[in-house]
Amino acid sequence: MALDPGEAIDPGEAIDPGEAIDPGEALRAALRAAAGHADAWLAGLAGRPVRPAHSAAEVLARLDGRLPAGPSDPVAVVDALVEAVGGGLTATGSPRFFGYVVGGTLPAALAADLLAVVWDQNAALASLSPAASAAETVAGRWVAELLGLPAGVSVGFTTGTQMAHVTALAAARQRVLADAGWDVAADGLTGAPPVRVLAGADRHATVDAALRLLGFGTRAIVEVASDRLGRMRPDALRAALATPDDRGDLAGPAQARSPGRRPTIVIAQAGEINTGAFDPLAEICALAHAHGAWVHVDGAFGLWAAVSASPARRALVAGAELADSWATDGHKWLNVPYDCGIALVADRAAHRRAMSASADYFVLDAAGQLDPVDWTPEFSRRARALAVYAALRSLGRAGLRDLVDRCCDLADHAATRLAALPGVTVLNATGDPAHPGPLVALNQVLLRMDDTDAAGSRGAAARGDQLTRQVTAAVTAGGEAYVTGTVWRGRAAMRLSVVNWATTRREIDRAIAAITAAIAAARPRGADPHPSGVPS
């Protein structure tokens, strides 16, 4: 039944609290109801508009009735919930969703994640859930192997790359301060030698957030210049590493003061969020390690280029194995359900010292290796590694390679077709006419639309900003495809990210057609964009 967006949903008839209910049957009935709604959602996913129909305020109005005075029938509650929130759901699993960097869900991963909910395992301790612990161990080893990282790295499964950064950088903080004679796990940061953090000018926002959570503060960041695609410049890093910092002599115990070398962390990037560009990882690691620095790699989606069949794509991630820690997502290119991040650390001792928790009532793994609580900031948490295991088991090495390369090829197809339109620029183009090859290096396409009639005139850049934002909004509002806007080098841009296992050339061509139509509608042929003579 269709309701007005502002009409609250009745959760169903209340039930008598004293009525005897079989718990197992109640659970199964609710699950059957949910399965029916899930089946309907998946059956219509490929064809439905990708954008949500209702705003958050409209969904809030439908949900925000009075708290019921007593229990309600679980099936009725499930049905009412679906009716209330359905219009506010974004079809992020659609093969036509190209916003942010959001993957779909592989069938095996979806099923495994459903079982993880049904089994309801607390993945903290091996004794509490041998299954969750074993799945994390195997899935973590497989991820490290696929990414080409050193054998024996420690692995923690987190909510996403944000918390994977926190985990890995906590290990980095532990190690670099220990090298300076300070045990941050025991003594905290008060009075500790200041840690210098060097990161690229085009780093992701989650890096700064992780540093704040770890007590560094954004003023601890030394911003290293990047090139036109957002890649950290090695010459700028070399200069930054060589620059003396008097703060190293102002704090910390005498044994921790080292005028020649102070605790340093360098944060590199494998896959810039807008351009998909990679920092020169081998050169960065060599420079940083020469100064005794820890290197952390933000590879939320880009690290998966390591599995590509393309030598050019694999070359992008060359040198990543030389770093000290890495962060990536499972819910991006690996296409497991939200939420899943993965932190990997070469120094297992520093990782464990930074993360582990203990209590008298814990029944710990005798070998000290299999308790997930040792490797993440969380204690009570879901068994999210089951979906990772299922995804990798279902794909195998060849399937994952095909997924990554297919997404990159589709992104390049979109970039090539759209670059041929008048006034459209692919801002992250790396193709060289003298060396035929892909126009874009990975799976990100960064576009800008400029008004050809206004080219060279005063206000042309501002008109291009307006046009780009207008086209981006129109494409997403139309429901044919979901794209997102961004800002690159101070100017508006549109970004397409191709990371869904289910996306084919058909969906890409539909997105190209939608973008082309939106440009034509926003820039009518022969119309004067500034009838008053003043740029808008």
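# A tour from Arg262

Start by selecting Arg262, which sits in the loop between helix H9 (234-242) and strand E4 (264-269). The model on screen is predicted. Arg262 has 10% relative accessibility, so it counts as buried. Now add Pro194 to the selection: its backbone oxygen is 2.7 Å from a polar atom of the Arg262 side chain.

Zoom out to the whole chain. It contains 15 helices and eleven strands, and 48% of its 536 residues count as buried. Of the contacts between residues at least 6 apart in sequence, 76% join residues at least 24 apart. About 23500 Å² is exposed by the chain, with carbon and sulfur atoms supplying 58% of that area.

Next, select strand E1, residues 154-158. Is E1 buried or exposed? Five of its five residues are buried, so the strand is largely enclosed by the rest of the structure. In a regular strand, side chains alternate between the two faces of the sheet. Here Ser154, Gly156 and Thr158 point one way, while Val155 and Phe157 point the other way. Add strand E7 (residues 341-345), which pairs with E1 in the antiparallel sense over five bridges. Opposite Val155 stands Leu344 of E7.

Move on to the cysteines. The structure has zero disulfides. Cys407 is in none, and the nearest cysteine sulfur, that of Cys408, is 6.9 Å away. Cys407 is buried, with a relative accessible area of 1%. Cys285, at 2% relative accessibility, also counts as buried.

The last stops are salt bridges, of which the whole structure holds 30. Side chains of opposite charge can pair when their charged atoms come close.

- Select Glu25 and Arg28: their side chains form a salt bridge at 3.3 Å, N to O. Both lie in helix H1 (residues 23-44), three residues apart, about one turn of the helix. Glu25 is partly exposed at 33% relative accessibility, as is Arg28 at 46%.
- Select Arg313 and Asp405, whose side chains meet at 3.0 Å, N to O. Arg313 belongs to helix H11 (residues 311-316) and Asp405 to helix H13 (residues 385-419), so this pair ties together parts 92 residues apart in sequence. Arg313 is buried at 8% relative accessible area, and Asp405 is buried at 11%.
- Select Arg510 and Glu480, a salt bridge of 2.6 Å, N to O. Arg510 is in helix H15 (residues 505-522), and Glu480, 30 residues apart from it, is in the loop between helix H14 (460-478) and strand E10 (484-488).
- Finish with Arg448, Asp450, Asp465 and Arg491, which salt bridges with shared partners join into one network.

Technical notes:
Residues numbered from 1 in each chain as written. Predicted model: local features only at pLDDT ≥ 70, side-chain atom pairs only at ≥ 80, totals over all residues. Heavy atoms only, no water. Buried < 20%, exposed > 50% of the residue type's maximum accessible area, 1.4 Å probe, protein only. Helix = DSSP H or I, 4+ residues; strand = E, 2+ residues; numbered from the N terminus. Pairing = 2+ DSSP bridges. Polar contact = N/O pair within 3.5 Å; in protein donor to acceptor, adjacent residues only side chain to side chain. Contact = heavy atoms within 4.5 Å. Areas by Shrake-Rupley, 256 points an atom, 1.4 Å probe, with all protein chains shown as cover. Disulfide = S-S within 2.5 Å. Salt bridge = Lys/Arg side-chain N within 4 Å of Asp/Glu carboxyl O.
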